[in-house]
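I opened my notebook and looked up a few places in this structure. Here is what I wrote down.

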Protein chains: 2
Amino acid sequence: MKHTTIKDVARKLGVSVSTVSRAFNDKYDIKKETKDRILSVAKKMGYSPNPIAQKLTRQRSYTIGMVVPEFVNSFFPEVIIGAQAVLLKKGYQVLIMQSDLSWETERKNVKTLVDNKVDGLIISLTSETENTGYYEELIASNMPIVFFNRVVDQLETSKVLFDDFKWSFFATEHLIVQGFTEITHFAGNESFSLTKNRIQGFKAAHRKHQVQIGEIMYKGFTFEDGESLAESLLKRDELPQAVFAANDALAIGAMHVFKKNGLRIPEDVAVVGFSESRLAAHISPTLTSVQQPTHDIGETASNLLLEQIENKGLFVPQTIVLNGRLNVRESSVFLR
Amino acid sequence: MKHTTIKDVARKLGVSVSTVSRAFNDKYDIKKETKDRILSVAKKMGYSPNPIAQKLTRQRSYTIGMVVPEFVNSFFPEVIIGAQAVLLKKGYQVLIMQSDLSWETERKNVKTLVDNKVDGLIISLTSETENTGYYEELIASNMPIVFFNRVVDQLETSKVLFDDFKWSFFATEHLIVQGFTEITHFAGNESFSLTKNRIQGFKAAHRKHQVQIGEIMYKGFTFEDGESLAESLLKRDELPQAVFAANDALAIGAMHVFKKNGLRIPEDVAVVGFSESRLAAHISPTLTSVQQPTHDIGETASNLLLEQIENKGLFVPQTIVLNGRLNVRESSVFLR
DNA sequence: ATTACTACCGGAAACGTTCCCGAAAATGGT
DNA sequence: ACCATTTTCGGGAACGTTTCCGGTAGTAAT
């Protein structure tokens with residue numbers, strides 16, 4: 001019932017509390033034998049140091065907060081898993097909050113986290129324009145923050161990004177090389193710089209191959225958005241040869257309406273996605289998609305954050321750009 | 001930089017520490033005026049009680065832990081969102097951990113949470129057999145726990161369940177009524193009672209309609225499992241008229257290999273899923289599936305837990321069974 | 001034998017709260 | 001004016017650690 005404390009262990013062994021403490025944090029002078037003895041008895045008694053008391057004395061919460069726009073799609077959960085992997089190993093706890101795509105709840109989430117004295121924050125924004133003032137204050141007050149993927153450039157923090165330009169370029173080039181030269185881009189939400197970068201890559205590939213740049217259609221990032229964009233495409237009766245979507249949900253939504261209307265993929269229209277969701281390989285046809293290193297994103301964001309936390313004071317924000325990969329599958333290979 | 005503490009506030013006002021404490025937890029005797037004075041000055045100084053110290057003295061953390069098998073599929077994230085909705089409103093924090101489908105990490109997760117003095121736990125198990133002894137101890141030590149979906153019957157706690165029997169029955173009956181009388185059930189992992197209940201429902205529907213009971217195939221719950229089961233079905237060259245899968249991932253995996261092999265859905269083989277993932281309505285053909293009230297599950301689990309935490313001592317475990325719904329879509333309607 | 005280390009270890013303060021206990025002040029009844 | 005009661009407050013222990021400071025042995029050198 002009651003937790004066994006360090007005192008119980010000390011009493012049982014007839015040593016002092018400080019000695020037991022030393023046994024657990026081996027930076028202090030303690031004889032090897034007594035240390036081993038203490039450790040084994042402690043284990044037998046089921047003792048482990050109370051994290052809360054440790055936090056109090058160490059004057060650190062050993063908790064970091066993560067806030068993401070949503071986590072019903074697999075992208076963010078995967079980076080969370082990556083982050084937890086390194087953070088938990090270092091003795092940190094992870095508080096996860098999701099903003100429901102609303103910057104107001106994002107603001108509230110961050111405030112809750114700060115009130116709870118997190119040592120640092122890992123954030124992906126819901127909006128690049130709304131909370132910047134708030135974040136500036138936070139940064140000025142020395143709160144370590146790392147942003148990832150959905151970031152705002154002006155903020156002076158570490159960031160981990162994906163090379164959206166490059167991989168958008170490659171994905172587009174892949175379509176062109178396959179012979180699909182009329183490509184429409186479902187670009188997602190216009191306000192993100194990530195969106196802009198992907199558009200740049202999209203255009204660059206066209207220029208390189210001297211193909212006329214295809215249409216760019218904005219909307220959200222959901223299945224439904226993909227469906228409605230595809231429908232509007234069908235309605236005006238001039239289908240492109242291929243669709244390059246800014247994420248897999250858009251792509252899958254589009255595929256769904258194409259197929260419902262009797263179109264064959266990729267014969268009638270090819271499709272390429274982005275961000276490689278879990279199911280890209282398990283739908284029909286399998287979906288070509290840009291794979292982001294989700295796990296890596298979480299890990300490097302965490303490492304960056306820990307670095308900043310440890311080196312408080314002398315620290316320069318870094319931006320790390322991670323690499324990806326294009327998984328070519330059935331939805332985009334030209335069959336003659 | 002430095003946190004202002006309760007002492008700073010006390011010194012500034014010339015009152016004692018305990019008085020300031022009283023001002024913040026208004027259950028003790030304090031004059032209204034002094035309380036107001038303290039509160040306003042404290043606010044001006046930017047003071048708020050240190051949650052860590054509070055946890056240490058109160059031996060309560062106002063934190064509840066959630067541990068789920070995974071959260072890359074949308075099911076668990078959705079119940080997490082439901083749970084957070086009620087918990088955060090009541091001033092609780094939520095610590096989320098995922099067990100990666102391994103009972104060892106589940107055990108570690110729970111231990112971490114317990115070490116951190118969570119006030120209660122909401123758990124969905126990775127295995128119904130492995131950690132029961134551990135959970136029994138935990139329950140005996142008075143830790144409030146609510147299990148959901150993947151539970152073990154013997155444990156004396158509150159549970160929130162889905163009526164797997166009933167909805168498996170309805171889903172199967174739906175197929176039979178549509179004229180699909182040879183139905184194979186992809187049952188998922190054999191060890192869960194949820195699996196057993198669904199099988200019972202599956203059989204009961206057959207009996208009611210006097211149809212010979214179809215085959216039951218066990219395996220995991222992933223896309224890959226669905227694919228491999230479908231392949232083994234194809235290999236032996238005697239296809240059932242329909243497949244009823246224990247979750248949508250299985251169903252989608254199966255649909256994928258059926259379609260890859262030129263089979264039409266539902267003409268050649270119908271498919272019904274379970275647990276209604278986000279994308280059931282957005283793939284081709286759209287997937288008939290049993291919808292679970294994910295949000296509700298999270299909410300009721302939280303309410304049950306809070307009830308237990310508040311009424312510590314006099315408390316009887318409850319089991320709440322929630323209702324669902326069958327979303328009939330293209331993958332299972334008979335076309336002649 | 002005295003000195004000078006070194007290697008270990010214990011005592012106790014500190015972290016920031018809560019809350020019990022008792023004391024002082026205010027109130028009320030006579 | 002006095003006692004009894006209530007209201008309001010301060011002192012200080014407790015929560016479970018870490019870590020500084022000092023002290024005791026033991027060893028080696030003089």
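**Entry 1: B:Ala280**

I looked up B:Ala280 and found it in the loop between strand S9 (270-274) and strand S10 (288-291) of chain B. Helices (H or I, at least four residues) and strands (E, at least two) are DSSP runs, numbered from the N terminus. The model is predicted: local features need pLDDT of at least 70, side-chain atom pairs count only at pLDDT 80 or more, and totals for chains, interfaces and linings use all residues. Residues are numbered from 1 along each chain as its sequence is written, while chains are lettered from A and ligands numbered from 1 in the order in which they are written.

Is B:Ala280 buried or exposed? B:Ala280 is buried, because 22 other C-beta atoms lie within 10 Å. The cut-offs I used: buried means 20 or more other C-beta atoms within 10 Å of the residue's own, exposed means 12 or fewer, and partly exposed is in between, with C-beta atoms placed from the backbone.

Next I listed contacts (C-beta atoms, placed from the backbone, within 7 Å). Not counting residues up to four places away in sequence, B:Ala280 touches B:Asp248, B:Gly273, B:Thr286, B:Leu287 and B:Ser289. I checked B:Asp248 further: B:Ala280 and B:Asp248 are 32 residues apart in sequence, and their C-alpha atoms are 7.3 Å apart in space.

**Entry 2: B:Asn131**

B:Asn131 sits in the loop between strand S3 (120-123) and helix H7 (132-140) of chain B. B:Asn131 has 19 C-beta neighbours inside 10 Å, so it counts as partly exposed. Leaving aside neighbours within four places in sequence, B:Asn131 is in contact with B:Trp103, B:Glu106 and B:Arg107. I also looked up B:Pro240. B:Asn131 and B:Pro240 are 109 residues apart in sequence and 38 Å apart in space, C-alpha to C-alpha.

**Entry 3: strands of chain A**

I turned to strand S6 (residues 183-188) of chain A, where six of its six residues are buried. In a regular strand the side chains alternate between the two faces of the sheet. I noted both faces of S6(A). One side has A:Ile183, A:His185 and A:Ala187, the other has A:Thr184, A:Phe186 and A:Gly188, and all are buried.

Which strands pair with S6(A)? Strand S8 (residues 242-245) of chain A pairs with S6(A) in the parallel sense over four bridges. Two strands pair if DSSP finds at least two bridges between them. A:Thr184 has A:Val243 in S8(A) as its bridge partner. Strand S7 (residues 216-218) of chain A also pairs with S6(A) in the parallel sense, over three bridges. There, A:His185 has A:Ile216 as its bridge partner. From S6(A) the chain crosses through helix H9 (residues 193-208) of chain A to S7(A), a right-handed β-α-β crossover. Right-handed means that, with the strands pointing away from the viewer, the path from the first strand over the helix to the second runs clockwise.I then looked at strand S2 (residues 93-98) of chain A, where five of its six residues are buried. Strand S1 (residues 63-68) of chain A runs parallel to S2(A), and six bridges join them. A:Val68 stands opposite A:Gln98 in S2(A). The chain crosses from S1(A) to S2(A) through helix H5 (residues 75-89) of chain A, and this β-α-β crossover is right-handed.

**Entry 4: the two DNA strands**

What surrounds DNA strand D? I found 27 residues near it (C-beta atom, placed from the backbone, within 6 Å). The closest are A:Ile6, A:Ser18, A:Ser21, A:Asn50 and B:Asp29. Helix H2 (17-24) and helix H4 (51-58) of chain A, with helix H2 (17-24) and helix H4 (51-58) of chain B, give two or more residues each to this surface. By class, the surface near DNA strand D has 10 nonpolar, 13 polar and four charged residues. Ala, Val, Leu, Ile, Met, Phe, Trp, Tyr, Cys and Pro count as nonpolar, Asp, Glu, Lys and Arg as charged, and the others, Gly among them, as polar.

DNA strand C is surrounded by 27 residues, and the closest are A:Thr19, B:Ile6, B:Ser18, B:Ser21 and B:Asn50. H4(B) gives the largest share of the surface near DNA strand C, five residues. That surface divides into 10 nonpolar, 14 polar and three charged residues.

**Entry 5: chain A against chain B**

The contact takes 34 residues from chain B and 34 residues from chain A. On the side of chain B that touches chain A, I counted 15 nonpolar, 11 polar and eight charged residues.

Last, I looked up how the copies are related. A rotation of 177° with 1.0 Å of shift along its axis superposes chain B on chain A, with RMSD 2.0 Å. The fit is by least squares on the C-alpha atoms of residues with pLDDT of at least 70 in both. The two copies are therefore related as by a two-fold rotation axis. The same surface serves both copies, as 94% of the contact residues of chain B recur in chain A.

Definitions and conventions
Two residues are in contact if their C-beta atoms, placed from the backbone, lie within 7 Å.
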